[in-house]
Amino acid sequence: MPDSTATAKLIAMIPRVVVASPGYLARRGMPETPEDLVRHRIVGGSAAAVPTAWRFERDGRDAAIKLEPHFSTDENEGAIAAAVAGFGITSTSGWACRRELEDGSLVRLLPAWTLAGIPVHAYFPMGRATRAAARAAIDHLVAAFERMPSDMPP
């Protein structure tokens, strides 16, 4: 945290996915392993968590793949739109691209691999009493995220 006097509470880890359009995959092929991503066009977006490396895990094996975006945007929606348009492969939250996965305009890649999630925190300034309503709202969010299916997204 930039302000070391503040405290934070982890609310949830948002699952991430790697996606591309069917058209892009028809032209460039389907990556079979995280290492295959270096031969593909990468769309960088705000949900990429680590700008130059995507971290994967499978069966106790870790893979950190250093990637250079061919197209980059600060907006998650822009990265998703670029992937739908066939610009390349992007990493985003599964929730952000759920509609595109359901309608088939994006395809999930490397489903056997788990990506490092996106942490969501609530920040509390030091020295100020946190209002009971704010704590209750945060506790509600934590409980809501815990009830969500762990396999989300599809």
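**Briefing: strand pairing and the Ser21 site**

Three strands, in the order β5-β4-β9, make up an open sheet with antiparallel pairing. The edge positions belong to β5 (61-66) and β9 (114-115); each has a single partner strand, so one side of each is left without a neighbour in the sheet. The model is predicted. In total, the protein has 4 helices and 10 strands.

**Overall make-up**

- Read from the N terminus, the order of elements is β-β-α-β-β-β-β-α-β-α-β-β-β-α.
- The protein has 154 residues, and 38% of them count as buried.
- About 8,900 Å² of the protein is exposed, with 54% of that area supplied by carbon and sulfur atoms.
- Of the contacts between residues at least 6 apart in sequence, 77% join residues that are at least 24 apart.

**The open sheet**

- Strand β4 covers residues 53-58 and pairs with β9 through 2 bridges, in the antiparallel sense.
- Within this part of the sheet, Glu57 has Thr114 in β9 as its bridge partner.
- Strands of a sheet pair through backbone hydrogen bonds, in either the parallel or the antiparallel sense.

**Strand β7 and its partners**

- Strand β7 spans residues 89-93, and 5 of its 5 residues are buried, so the strand is largely enclosed by the rest of the structure.
- β2 and β7 run antiparallel and are joined by 4 bridges.
- Val17 is placed opposite Thr92 of β7.
- Strand β3, residues 42-44, also pairs with β7, here in the parallel sense and over 2 bridges.
- Ile42 has Ile89 of β7 as its bridge partner.
- β7 thus takes part in an antiparallel pairing with β2 and a parallel pairing with β3.

**Ser21**

- Ser21 sits in the loop that links β2 (16-20) to α1 (22-28).
- The relative accessibility of Ser21 is 3%, and because the cut-off for buried is under 20%, this residue counts as buried.
- A contact at 3.0 Å runs from the side chain of Ser21 to the backbone nitrogen of Tyr24.
- Leaving aside residues up to four places away in sequence, Ser21 touches Ala83, Val84, Gly86, Ser105 and Leu106.
- The surroundings of Ser21 therefore combine burial at 3% relative accessibility with contacts to residues including Ala83 and Leu106.

Methods:
Residues numbered from 1 in each chain as written. Predicted model: local features only at pLDDT ≥ 70, side-chain atom pairs only at ≥ 80, totals over all residues. Heavy atoms only, no water. Buried < 20%, exposed > 50% of the residue type's maximum accessible area, 1.4 Å probe, protein only. Polar contact = N/O pair within 3.5 Å; in protein donor to acceptor, adjacent residues only side chain to side chain. Contact = heavy atoms within 4.5 Å. Pairing = 2+ DSSP bridges. Areas by Shrake-Rupley, 256 points an atom, 1.4 Å probe, with all protein chains shown as cover.
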